[in-house]
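Here is a small set of exercises to work through with the model open in your viewer. Try each task yourself before you read its solution.

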Amino acid sequence: MVIATVLLTIIGMIGGYLLSERKDRGTEATSPTTDAAPSYTPSAPPSLLPTDGLCPQQTQDFAVHSQIPGPLSQVVRRRTTAGTVIWICQNEAGQLFYHANKGGESATWIEGKTALFLRDVVHEPDGSYEGTASDGSIFNLNDDRLLITPLSGKPRVQDLAPE
């Protein structure tokens with residue numbers, strides 16, 4: 001019993017160390033239920049982007065469920081030619097989030113099936129927004145397309161439809 005406890009403690013310590021190393025390198029993939037630390041220092045004001053109202057109610061509800069301080073304001077809204085609507089949202093702390101739903105706001109929302117919520121989205125210098133899903137897939141949205149790069153496999157491009 002003591003040996004099992006020692007082994008589990010060692011495994012936990014190694015896992016914690018590896019996760020902290022990934023986070024320090026900026027490659028940590030977060031899951032929709034994991035709270036992440038803000039990407040700004042408390043002494044500096046957060047970088048807020050211009051917004052266009054609030055993100056959909058489904059996004060607000062998911063944020064509350066995930067203990068994300070809100071409300072979440074809409075920074076960007078895009079629709080792909082396949083009908084998926086993507087929102088980049090921002091809270092008052094300046095954190096960015098990606099929320100997409102197949103069929104848009106009026107379609108059925110089922111997180112993990114028709115909808116995807118990503119934390120820790122980064123506004124890249126080229127103007128795109130990039131977030132990483134819990135499976136390691138990278139979602140990069142710009143004014144022309146959505147690029148989905150799975151951890152393994154071929155990247156997929158979805159063109160954006162005019163709105």
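**Exercise 1. The disulfide**

Task: Decide whether Cys 55 and Cys 89 are buried or exposed, then describe the link between them.

Solution:
- Step 1. Both Cys 55 and Cys 89 are buried; buried means under 20% relative accessible area, exposed over 50%, and partly exposed in between, with a 1.4 Å probe and protein chains only.
- Step 2. A disulfide joins Cys 55 to Cys 89, with an S to S distance of 1.9 Å; the criterion is a pair of cysteine sulfur atoms within 2.5 Å. The structure holds one disulfide.
- Step 3. The angle about the S-S bond is -110 degrees, which makes the link of Cys 55 and Cys 89 left-handed.
- Step 4. Cys 55 sits in the loop between helix 1 (2-25) and helix 2, and Cys 89 in strand 2, so the pair ties together parts that are 34 residues apart in sequence.

A word on the ground rules: this is a predicted model, in which local features need pLDDT of at least 70 and side-chain atom pairs count only at pLDDT 80 or more, while totals for chains, interfaces and linings use all residues. Residues are numbered from 1 along each chain as its sequence is written, and side-chain values use heavy atoms, with hydrogens and water left out.

**Exercise 2. The overall layout**

Task: Work out how many helices and strands the protein has, and in which order the strands close into a barrel.

Solution:
- Step 1. Count two helices and eight strands. These are DSSP runs numbered from the N terminus: helices are H or I with at least four residues, strands are E with at least two.
- Step 2. Reading along the sequence gives α-α-β-β-β-β-β-β-β-β.
- Step 3. The eight strands close into a barrel in the order 1-2-3-4-5-6-7-8, with antiparallel pairing; two strands pair if DSSP finds at least two bridges between them.
- Step 4. From one strand to the next, the twist averages 30 degrees. Axes are lines fitted to C-alpha atoms (for helices, over the stretch in contact), and angles run from 0 to 180 degrees between N-to-C directions.
- Step 5. For the whole protein of 163 residues, 33% are buried.

**Exercise 3. Strand 4 and its partners**

Task: Find which residues stand opposite Phe 117, Leu 118 and Val 122.

Solution:
- Step 1. Begin with strand 3 (residues 96-102) and strand 4 (residues 115-123), which run antiparallel and are joined by five bridges.
- Step 2. Across this pair, His 99 stands opposite Phe 117, and Tyr 98 opposite Leu 118.
- Step 3. Now turn to strand 5 (residues 129-132), which runs antiparallel to strand 4 and is joined to it by two bridges. Here Val 122 stands opposite Glu 130.
- Step 4. Strand 4 and strand 5 form a hairpin with five residues between them, and Gly 127 in the turn has a positive phi of about 95 degrees.
- Step 5. Look at Asp 120, also in strand 4. Its phi is near 55 degrees, a positive value in a residue other than glycine. Asp 120 counts as partly exposed because its relative accessibility is 35%.

**Exercise 4. Helix 2 on the barrel strands**

Task: Identify the buried residues of helix 2 and what covers them.

Solution:
- Step 1. The buried residues of helix 2 are Thr 59, Gln 60, Phe 62 and Ala 63. They lie on the same side of helix 2, because they cover an arc of only 165 degrees around the axis, taken from the directions from the helix axis to the C-beta atoms.
- Step 2. Their cover includes strand 2, strand 3 and strand 4. Helix 2 lies across these strands, running at about 125 degrees to strand 3.
- Step 3. The face turned away from the buried side carries the exposed residues Val 64 and His 65.
- Step 4. Just after helix 2, Gln 67 takes a positive phi of about 60 degrees, although Gln 67 is not a glycine. Gln 67 lies in the loop between helix 2 (57-65) and strand 1 (73-80), and counts as exposed at 63% relative accessibility.

**Exercise 5. The end of the chain**

Task: Find which residues Glu 163 touches, not counting residues up to four places away in sequence.

Solution:
- Step 1. Locate Glu 163 in the segment after strand 8 (156-161). Glu 163 is exposed, with a relative accessible area of 61%.
- Step 2. With that sequence filter, Glu 163 touches Arg 77, Arg 78 and Arg 79; contact means heavy atoms within 4.5 Å.
- Step 3. Between Glu 163 and Arg 78, 85 residues apart along the chain, the C-alpha atoms are separated by 7.7 Å.
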